Amino acid sequence: MSNGRHLAKGSPMPDVPEDGILRLYSMRFCPFAQRVHLVLDAKQIPYHSIYINLTDKPEWLLDKNPQGKVPALEIVREPGPPVLTESLLICEYLDEQYPLRPLYPRDPLKKVQDKLLIERFGAVLGAFFKASDGGDLEPFWSGLDIYEKELARRGTEFFGGEQTGILDYMIWPWCERLELLKLQRGEDYNYDESRFPQLTLWLERMKRDPAVMAFYMEAEVQAEFLRTRSLGRPNYNLLVKDA
(Lines give C-alpha, C1' and ligand atoms only; values in the text may rest on other atoms or scores of the structure.)
Protein backbone atom coordinates (compact mmCIF):
# COMPACT_ATOMS: atom_id res chain seq x y z
CA MET A 1 0.00 0.00 0.00
CA SER A 2 2.73 2.47 0.89
CA ASN A 3 5.67 0.60 -0.70
CA GLY A 4 5.55 2.79 -3.80
CA ARG A 5 3.98 0.23 -6.15
CA HIS A 6 1.41 1.88 -8.38
CA LEU A 7 -1.92 0.12 -8.88
CA ALA A 8 -3.11 -0.28 -12.47
CA LYS A 9 -6.08 -1.60 -14.41
CA GLY A 10 -7.01 -5.02 -13.08
CA SER A 11 -5.52 -4.34 -9.65
CA PRO A 12 -7.92 -5.12 -6.82
CA MET A 13 -8.88 -2.35 -4.45
CA PRO A 14 -6.17 -2.20 -1.78
CA ASP A 15 -6.93 -3.87 1.51
CA VAL A 16 -6.79 -0.75 3.65
CA PRO A 17 -7.56 -1.20 7.35
CA GLU A 18 -10.82 0.35 8.53
CA ASP A 19 -8.92 2.41 11.06
CA GLY A 20 -10.30 5.87 10.33
CA ILE A 21 -6.93 7.05 8.99
CA LEU A 22 -6.81 9.33 5.95
CA ARG A 23 -6.16 7.73 2.57
CA LEU A 24 -4.15 9.62 -0.01
CA TYR A 25 -4.41 8.56 -3.64
CA SER A 26 -1.15 9.69 -5.13
CA MET A 27 1.52 9.22 -7.79
CA ARG A 28 5.14 9.15 -6.72
CA PHE A 29 6.40 11.41 -9.52
CA CYS A 30 3.61 14.02 -9.34
CA PRO A 31 4.72 17.38 -7.87
CA PHE A 32 1.12 18.31 -7.04
CA ALA A 33 0.68 15.13 -5.02
CA GLN A 34 4.04 15.82 -3.40
CA ARG A 35 2.58 19.00 -1.93
CA VAL A 36 0.05 16.96 0.04
CA HIS A 37 2.63 14.44 1.23
CA LEU A 38 4.76 17.34 2.49
CA VAL A 39 1.92 18.82 4.52
CA LEU A 40 0.84 15.46 5.95
CA ASP A 41 4.40 14.61 6.94
CA ALA A 42 5.19 18.08 8.30
CA LYS A 43 2.10 17.99 10.52
CA GLN A 44 2.75 14.32 11.36
CA ILE A 45 -0.77 13.31 10.35
CA PRO A 46 -1.14 9.52 9.95
CA TYR A 47 -2.24 8.45 6.47
CA HIS A 48 -2.25 5.57 4.03
CA SER A 49 -0.58 6.15 0.64
CA ILE A 50 -2.25 4.47 -2.33
CA TYR A 51 -0.25 5.00 -5.50
CA ILE A 52 -2.02 5.06 -8.86
CA ASN A 53 -0.79 4.28 -12.37
CA LEU A 54 -2.27 7.29 -14.17
CA THR A 55 -1.71 5.83 -17.63
CA ASP A 56 -3.68 2.65 -16.93
CA LYS A 57 -5.90 3.47 -13.97
CA PRO A 58 -7.58 0.79 -11.85
CA GLU A 59 -11.30 0.52 -12.53
CA TRP A 60 -12.31 1.20 -8.93
CA LEU A 61 -10.58 4.60 -8.89
CA LEU A 62 -13.54 6.31 -10.54
CA ASP A 63 -15.80 5.00 -7.78
CA LYS A 64 -13.57 6.73 -5.27
CA ASN A 65 -12.91 9.83 -7.34
CA PRO A 66 -14.99 10.42 -10.49
CA GLN A 67 -12.32 12.82 -11.76
CA GLY A 68 -9.82 9.98 -11.77
CA LYS A 69 -6.99 12.31 -10.77
CA VAL A 70 -4.40 12.64 -8.05
CA PRO A 71 -3.86 13.87 -5.46
CA ALA A 72 -7.15 12.82 -3.90
CA LEU A 73 -7.69 12.61 -0.17
CA GLU A 74 -10.30 10.21 1.19
CA ILE A 75 -11.65 11.25 4.56
CA VAL A 76 -12.88 8.11 6.27
CA ARG A 77 -16.08 8.90 8.12
CA GLU A 78 -19.75 7.96 8.08
CA PRO A 79 -22.14 7.92 6.28
CA GLY A 80 -19.75 7.97 3.34
CA PRO A 81 -16.12 9.00 2.94
CA PRO A 82 -15.82 12.27 1.02
CA VAL A 83 -12.89 12.63 -1.37
CA LEU A 84 -11.10 15.97 -1.75
CA THR A 85 -9.12 16.90 -4.87
CA GLU A 86 -6.83 19.77 -5.88
CA SER A 87 -3.58 20.01 -3.96
CA LEU A 88 -4.03 23.54 -2.61
CA LEU A 89 -7.54 22.86 -1.33
CA ILE A 90 -6.46 19.61 0.31
CA CYS A 91 -3.51 21.30 2.02
CA GLU A 92 -5.64 24.16 3.32
CA TYR A 93 -8.19 21.67 4.67
CA LEU A 94 -5.46 19.70 6.44
CA ASP A 95 -4.01 22.80 8.04
CA GLU A 96 -7.40 23.88 9.36
CA GLN A 97 -8.57 20.44 10.42
CA TYR A 98 -5.32 19.53 12.17
CA PRO A 99 -4.24 22.67 14.05
CA LEU A 100 -1.09 21.16 15.56
CA ARG A 101 1.98 22.61 13.80
CA PRO A 102 0.11 25.29 11.81
CA LEU A 103 1.55 26.01 8.37
CA TYR A 104 -0.56 28.95 7.26
CA PRO A 105 0.11 32.19 9.17
CA ARG A 106 -2.52 32.87 11.80
CA ASP A 107 -2.39 36.60 11.08
CA PRO A 108 -5.14 37.20 8.44
CA LEU A 109 -3.06 39.64 6.38
CA LYS A 110 0.00 37.40 6.32
CA LYS A 111 -2.19 34.45 5.40
CA VAL A 112 -3.62 36.32 2.42
CA GLN A 113 -0.13 37.40 1.37
CA ASP A 114 1.07 33.79 1.38
CA LYS A 115 -2.00 32.71 -0.58
CA LEU A 116 -1.30 35.37 -3.20
CA LEU A 117 2.32 34.23 -3.53
CA ILE A 118 1.18 30.62 -3.91
CA GLU A 119 -1.29 31.72 -6.58
CA ARG A 120 1.39 33.70 -8.40
CA PHE A 121 3.57 30.61 -8.47
CA GLY A 122 1.15 29.16 -10.99
CA ALA A 123 2.79 31.29 -13.68
CA VAL A 124 6.22 30.06 -12.54
CA LEU A 125 5.03 26.47 -13.00
CA GLY A 126 4.13 27.19 -16.59
CA ALA A 127 7.57 28.67 -17.20
CA PHE A 128 9.21 25.67 -15.53
CA PHE A 129 7.41 23.14 -17.72
CA LYS A 130 8.31 25.11 -20.86
CA ALA A 131 11.95 25.31 -19.76
CA SER A 132 12.07 21.57 -19.04
CA ASP A 133 10.74 21.00 -22.56
CA GLY A 134 13.58 22.99 -24.11
CA GLY A 135 12.05 26.47 -23.95
CA ASP A 136 13.60 29.71 -22.79
CA LEU A 137 14.91 29.52 -19.22
CA GLU A 138 14.68 33.24 -18.48
CA PRO A 139 10.90 33.37 -17.82
CA PHE A 140 11.40 30.75 -15.11
CA TRP A 141 14.28 32.64 -13.52
CA SER A 142 12.23 35.85 -13.71
CA GLY A 143 9.44 34.10 -11.85
CA LEU A 144 11.85 33.01 -9.13
CA ASP A 145 13.05 36.62 -8.78
CA ILE A 146 9.77 37.36 -6.96
CA TYR A 147 10.47 34.73 -4.32
CA GLU A 148 14.13 35.71 -3.95
CA LYS A 149 13.06 39.28 -3.17
CA GLU A 150 10.30 38.13 -0.85
CA LEU A 151 12.60 35.89 1.17
CA ALA A 152 15.12 38.73 1.46
CA ARG A 153 12.34 41.09 2.55
CA ARG A 154 11.20 38.71 5.27
CA GLY A 155 14.74 38.22 6.52
CA THR A 156 14.01 34.69 7.76
CA GLU A 157 15.45 31.28 6.97
CA PHE A 158 12.16 30.08 5.49
CA PHE A 159 9.13 31.78 4.04
CA GLY A 160 7.30 30.52 7.11
CA GLY A 161 9.77 32.23 9.45
CA GLU A 162 12.29 30.26 11.46
CA GLN A 163 10.58 27.05 10.40
CA THR A 164 8.93 25.90 7.20
CA GLY A 165 5.44 27.13 6.39
CA ILE A 166 2.82 26.61 3.73
CA LEU A 167 4.54 28.74 1.09
CA ASP A 168 7.78 26.78 1.49
CA TYR A 169 6.01 23.49 0.91
CA MET A 170 3.75 24.64 -1.93
CA ILE A 171 6.65 25.80 -4.11
CA TRP A 172 9.19 23.17 -3.05
CA PRO A 173 8.31 20.34 -5.49
CA TRP A 174 9.42 22.45 -8.47
CA CYS A 175 12.44 23.86 -6.64
CA GLU A 176 13.48 20.29 -5.87
CA ARG A 177 13.35 19.71 -9.62
CA LEU A 178 16.00 22.33 -10.32
CA GLU A 179 18.49 19.46 -10.39
CA LEU A 180 16.26 17.67 -12.90
CA LEU A 181 16.18 20.81 -15.02
CA LYS A 182 19.97 20.92 -14.84
CA LEU A 183 20.14 17.36 -16.19
CA GLN A 184 17.65 18.13 -18.94
CA ARG A 185 19.31 21.32 -20.15
CA GLY A 186 22.97 20.39 -19.78
CA GLU A 187 25.25 23.25 -20.80
CA ASP A 188 22.23 25.54 -21.30
CA TYR A 189 21.45 25.45 -17.58
CA ASN A 190 22.32 28.87 -16.18
CA TYR A 191 21.07 29.08 -12.60
CA ASP A 192 22.94 32.01 -11.06
CA GLU A 193 23.65 31.82 -7.33
CA SER A 194 24.57 35.51 -7.28
CA ARG A 195 21.09 36.30 -8.63
CA PHE A 196 19.44 34.03 -6.07
CA PRO A 197 21.57 34.18 -2.90
CA GLN A 198 18.63 33.78 -0.51
CA LEU A 199 16.96 31.01 -2.48
CA THR A 200 20.27 29.17 -2.79
CA LEU A 201 20.60 29.05 1.00
CA TRP A 202 16.90 28.20 1.31
CA LEU A 203 17.29 25.25 -1.05
CA GLU A 204 19.97 23.72 1.16
CA ARG A 205 17.90 24.28 4.32
CA MET A 206 14.85 22.71 2.70
CA LYS A 207 16.79 19.58 1.80
CA ARG A 208 17.37 19.04 5.52
CA ASP A 209 13.69 19.40 6.42
CA PRO A 210 12.27 16.06 7.68
CA ALA A 211 9.12 16.26 5.53
CA VAL A 212 11.17 17.07 2.43
CA MET A 213 13.64 14.28 3.16
CA ALA A 214 10.79 11.77 3.55
CA PHE A 215 9.65 12.29 -0.06
CA TYR A 216 12.83 13.53 -1.73
CA MET A 217 13.73 11.99 -5.07
CA GLU A 218 17.06 12.17 -6.87
CA ALA A 219 17.04 14.00 -10.19
CA GLU A 220 18.36 10.93 -12.00
CA VAL A 221 15.32 8.92 -10.92
CA GLN A 222 12.95 11.66 -12.01
CA ALA A 223 14.73 11.85 -15.35
CA GLU A 224 14.45 8.10 -15.87
CA PHE A 225 10.71 8.21 -15.23
CA LEU A 226 10.31 11.00 -17.78
CA ARG A 227 12.41 9.00 -20.27
CA THR A 228 10.17 5.93 -19.94
CA ARG A 229 7.09 8.15 -20.22
CA SER A 230 8.39 9.74 -23.43
CA LEU A 231 8.68 6.23 -24.87
CA GLY A 232 5.03 5.57 -24.06
CA ARG A 233 5.87 3.06 -21.33
CA PRO A 234 6.07 5.05 -18.09
CA ASN A 235 7.70 3.03 -15.33
CA TYR A 236 5.78 4.17 -12.25
CA ASN A 237 7.49 1.55 -10.10
CA LEU A 238 11.09 2.68 -10.45
CA LEU A 239 11.40 3.02 -6.68
CA VAL A 240 9.99 -0.44 -5.97
CA LYS A 241 12.89 -2.81 -5.36
CA ASP A 242 11.39 -5.74 -7.25
CA ALA A 243 9.95 -3.65 -10.09
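## Close-ups of a predicted model

**View 1. Gln-113 on helix α4.** Gln-113 sits in helix α4; helices here are DSSP runs of H or I with at least four residues, strands are E runs of at least two, and both are numbered from the N terminus. This is a predicted model, with local features needing pLDDT of at least 70 and side-chain atom pairs counting only at pLDDT 80 or more, while totals for chains, interfaces and linings use all residues. Residues are numbered from 1 along each chain as its sequence is written, and side-chain values use heavy atoms, with hydrogens and water left out. Is Gln-113 buried or exposed? Neither, quite: Gln-113 counts as partly exposed because its relative accessibility is 33%, given that buried means under 20% relative accessible area, exposed over 50%, and partly exposed in between (1.4 Å probe, protein chains only). Look across to Leu-167, 54 residues from Gln-113 in sequence, and the C-alpha to C-alpha distance is 9.8 Å.

**View 2. Helix α6 meets helix α8.** Here α6 (residues 166-176) packs on α8 (residues 197-207) at an angle of about 100°, and the axes are 12 Å apart. That angle is why the two helices count as roughly perpendicular. The axes are lines fitted to C-alpha atoms, for helices over the stretch in contact, and the angles run from 0 to 180 degrees between N-to-C directions. As for the wording, 65 to 115 degrees is roughly perpendicular, under 35 roughly parallel, over 145 roughly antiparallel, and the rest oblique. From α6 come Asp-168, Tyr-169, Ile-171, Trp-172 and Cys-175, and they meet Trp-202, Leu-203, Met-206 and Lys-207 of α8; contact means heavy atoms within 4.5 Å. Sorted by class, the residues of this contact are seven nonpolar, no polar and two charged. The nonpolar set is Ala, Val, Leu, Ile, Met, Phe, Trp, Tyr, Cys and Pro, the charged set is Asp, Glu, Lys and Arg, and the others, Gly among them, are polar.

**View 3. A cavity lined in part by α8.** How many cavities of 30 Å³ or more turn up? The count is one, and the largest cavity holds about 30 Å³ of space. On a 1 Å grid over the protein atoms alone, a cavity is a set of points where a 1.4 Å probe fits but cannot get out, whereas a pocket is an open set with protein on both sides within 12 Å along at least five of seven lines; lining residues have an atom within 4 Å of a point. Grid points are joined across faces, edges and corners, and a volume is the space filled by probe spheres set on the points. Around the largest cavity you'll find Leu-144, Cys-175, Leu-178, Tyr-191, Leu-199, Trp-202 and Leu-203. Helix α8 gives the largest share of that lining, with three residues. By class the lining has seven nonpolar residues, with no polar and no charged ones.

**View 4. The largest pocket.** This pocket has a volume of about 360 Å³. Its lining runs to 18 residues, and Phe-29, Pro-31, Phe-129, Leu-226 and Arg-229 lie nearest the centre. Helices α4 (108-132), α7 (178-185) and α10 (219-230) each put in at least two lining residues, and α10 gives the most, with four. The class split for the lining is 12 nonpolar, four polar and two charged.

**View 5. Leu-180 on helix α7.** Leu-180 belongs to helix α7 and is buried, with a relative accessible area of just 5%. Which residues does Leu-180 contact, leaving aside neighbours within four places in sequence? They are Ala-219, Gln-222, Ala-223 and Leu-226. Glu-218 is 38 residues from Leu-180 along the chain, and their C-alpha atoms are separated by 8.2 Å.

**View 6. Backbone oddities in three loops.** The peptide bond from Val-70 to Pro-71 is cis, with omega near 0°; Pro-71 lies in the loop between α2 (61-64) and β3 (72-74). Glu-86, in the loop between β4 (83-85) and α3 (87-97), has phi near 75°, a positive value in a residue other than glycine. Glu-86 is also partly exposed, at 38% relative accessible area. In the loop between α3 and α4 you'll find Arg-101, not a glycine but with a positive phi of about 60°.

**View 7. Pro-99 in the α3-α4 loop.** Pro-99 is in the loop between α3 and α4 and is exposed, with a relative accessible area of 54%. Not counting residues up to four places away in sequence, Pro-99 touches Lys-43 and Arg-106.
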